[in-house]
Amino acid sequence: MTVLSHTRPESAAGHADLPWDRARRLAAAATLPLVAAEVPLSSAHGRRLAAALRALVALPGADVSAMDGYAVGGPGPWHVVGGVLAGGSPFPRELGPGEAVEIATGAAVPAGAVCVVPYEKTEQAGLLVSGHCEPGRHIRRRGENVSEGEVVLTSGALVTPAVLGLAAGLGHDTLWVRPRPIVSVLVTGDEVVGSGVPGAGFVRDAVGPMLSPLIAAADGEALPPRRLPDGAEVLEAALGEPGADVVVVCGASSKGPADHLRGVLGRLGAAVLVDGVAVRPGHPQALARLPGGRLVVGLPGNPFAALAAALTLLLPVLRALDGRPEPEGELSTLAGPVRAHPRDTRLVPVWRSARGAIPVGHDQPGSLRGAAMADALAVVPPGWEGGPVELLALPAR
Ligand SMILES: Nc1nc2c(c(=O)[nH]1)N[C@H]1C(S)=C(S)[C@@H](COP(=O)(O)OP(=O)(O)OC[C@H]3O[C@@H](n4cnc5c(N)ncnc54)[C@H](O)[C@@H]3O)O[C@H]1N2
Ligand code: MOO
């Protein structure tokens with residue numbers, strides 16, 4: 001619900017909106033990572049490692065053949081004196097000069113073998129084999145890919161399908177990972193409807209459908225958005241409900257005496273970390289910590305302002321809960337006219353191209369039209385007069 005206020009940028013409480021970058025840094029530092037859990041490999045996909053991944057075995061675990069053929073001792077021709085298969089018994093003694101052992105890919109190469117000659121590079125006459133042996137050729141040495149105890153991935157790495165395969169190959173059955181932060185989304189406003197074409201005086205909820213995938217793209221798990229009517233009591237009750245690490249409240253974000261979100265946060269004894277940001281759009285955003293530790297992110301009701309605020313406060317909070325550092329800022333020139341604001345940072349929808357970031361327009365706070373055409377928001381600092389700007393990627397899915 002909008003609260004009429006003529007006090008921007010200085011609020012009724014007498015404080016100025018925070019500079020945008022400071023607000024983002026406060027959000028990134030607002031919480032410790034969630035407590036890690038040890039889960040089976042099958043449950044770890046898509047999570048972040050909470051501890052370095054170490055090799056429990058060397059890879060390969062022994063000197064093994066890289067080809068099907070003959071492991072040979074010294075220069076040829078060689079007498080075939082046995083055979084070894086992957087998973088079978090190793091050859092029981094050292095291979096002497098002039099001796100060969102028929103060998104399968106992956107089988108342990110006998111001691112004394114100088115190289116492996118693939119079948120197709122040999123000539124065979126009964127048990128006599130000849131061919132050219134290049135010392136060391138086609139033998140994968142123990143630990144040549146990974147040595148035992150080596151750290152192959154550091155804490156914070158995303159567990160991809162390849163990481164699961166690597167972890168299994170290195171002998172792991174479980175991994176220590178961070179749980180997905182659970183995010184509850186409360187969409188407030190008597191005028192907001194959840195489906196269909198809105199009647200006169202109503203608007204269709206544009207924020208709930210946007211936030212769930214945005215949160216998923218940031219490794220969070222969004223509970224189904226809940227629509228709440230305007231009113232302090234219902235908001236207070238919803239904020240007090242357990243089950244989420246972060247509660248996002250959309251709407252009711254403006255400052256002032258009739259502001260439900262701030263009033264409710266005060267009654268709940270929350271510590272307010274961010275109370276208004278010098279950014280356009282999205283200035284009435286807020287971040288607070290409830291006494292139990294749960295974080296509350298307040299997003300403005302205007303949908304593009306809500307998206308800009310989510311990128312400013314919500315995504316850094318989700319990264320912090322996941323134990324991930326803030327990403328390196330991507331810089332780009334702007335390939336189109338953009339006017340800076342004298343005091344506020346502007347977040348401008350752009351499309352990244354070889355020429356630079358092209359402003360796509362349609363960037364009014366109440367409309368997602370520009371953001372839907374864009375793949376990033378350009379961060380245009382107050383008083384900017386040209387030069388590269390930071391880009392905040394808009395998750396594609
Ligand atoms: N006197 C002042 N008035 C306003 C100021 C100000 O500084 N002084 N700031 C403006 C800005 S900027 C914003 S943003 C809004 C924020 O207000 P609220 O967070 O309380 O949001 P509402 O008033 O409920 O809604 C604003 C606007 O967005 C529409 N809306 C709300 N929720 C949704 C939704 N889920 N999906 C689509 N559209 C939504 C709502 O109908 C309003 O049109 O305050 C300004 N006013
Ligand atoms: O947050 Mo408002 O413009 O900045 O929509």
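**Exercise 1.** In this predicted model, decide from its C-beta neighbours inside 10 Å whether Pro395 counts as buried, exposed or partly exposed, and then describe where Pro395 is found.

*Solution.* Begin with the count, which gives Pro395 13 C-beta neighbours inside 10 Å. A buried residue would need 20 or more, and an exposed one 12 or fewer, so Pro395 counts as partly exposed. Next, place the residue along the chain: Pro395 is found in the segment after strand E28, which covers residues 389–393. Then turn to its surroundings, where, once neighbours within four places in sequence are left aside, Pro395 is in contact with Leu214 and Ala217. Finally, compare sequence with space for one further pair: Pro395 and Ala376 are separated by 19 residues in sequence, while their C-alpha atoms are 8.3 Å apart.

**Exercise 2.** Determine which residues of helix H1 (residues 20–28) are buried, how they are arranged about the axis of H1, and what covers them.

*Solution.* The buried residues of H1 are Trp20, Ala23, Arg24 and Ala27. Viewed down the helix axis, these buried residues fall within an arc of 100 degrees, and therefore they line one face of H1. The general background is that an α-helix has 3.6 residues a turn, so residues three or four places apart point the same way. As for the cover over this face, it includes the strands E1 (18–19), E20 (271–275), E21 (277–280), E22 (286–289) and E25 (345–353), together with helix H6 (303–321).

**Exercise 3.** Characterise the packing of H1 against H6 by axis distance and angle, and state which residues meet.

*Solution.* The two axes come within 7 Å and cross at roughly 30 degrees. Because angles under 35 degrees count as roughly parallel, H1 is roughly parallel to H6. The crossing of H1 past H6 is right-handed. On the H1 side the contact involves Trp20, Ala23, Arg24, Ala27 and Ala28, which meet Thr312, Leu313, Pro316, Val317, Arg319 and Ala320 of H6. Sorted by class, this contact has eight nonpolar, one polar and two charged residues.

**Exercise 4.** Carry out the corresponding analysis for helix H4 (residues 232–240) and helix H5 (residues 260–267).

*Solution.* H4 and H5 pack at an angle of about 55 degrees, and their axes are 9 Å apart; that angle makes H4 oblique to H5. The crossing of this pair is right-handed. From H4, Ala232, Leu235, Glu236 and Leu239 meet His260, Leu261, Gly263, Val264 and Arg267 of H5, a contact that by class has five nonpolar, two polar and two charged residues.

How values were computed. Residues are numbered from 1 along each chain as its sequence is written. Chains are lettered from A and ligands numbered from 1 in the order in which they are written. This is a predicted model: local features need pLDDT of at least 70, side-chain atom pairs count only at pLDDT 80 or more; totals for chains, interfaces and linings use all residues. Helices (H or I, at least four residues) and strands (E, at least two) are DSSP runs, numbered from the N terminus. The arc is that of the directions from the helix axis to the C-beta atoms. Two residues are in contact if their C-beta atoms, placed from the backbone, lie within 7 Å. Axes are lines fitted to C-alpha atoms, for helices over the stretch in contact, and angles run from 0 to 180 degrees between N-to-C directions. Angles under 35 degrees count as roughly parallel, over 145 as roughly antiparallel, 65 to 115 as roughly perpendicular and the rest as oblique. A crossing is left-handed if the near helix is turned anticlockwise from the far one by less than a right angle, and right-handed if clockwise. Ala, Val, Leu, Ile, Met, Phe, Trp, Tyr, Cys and Pro count as nonpolar, Asp, Glu, Lys and Arg as charged, and the others, Gly among them, as polar.
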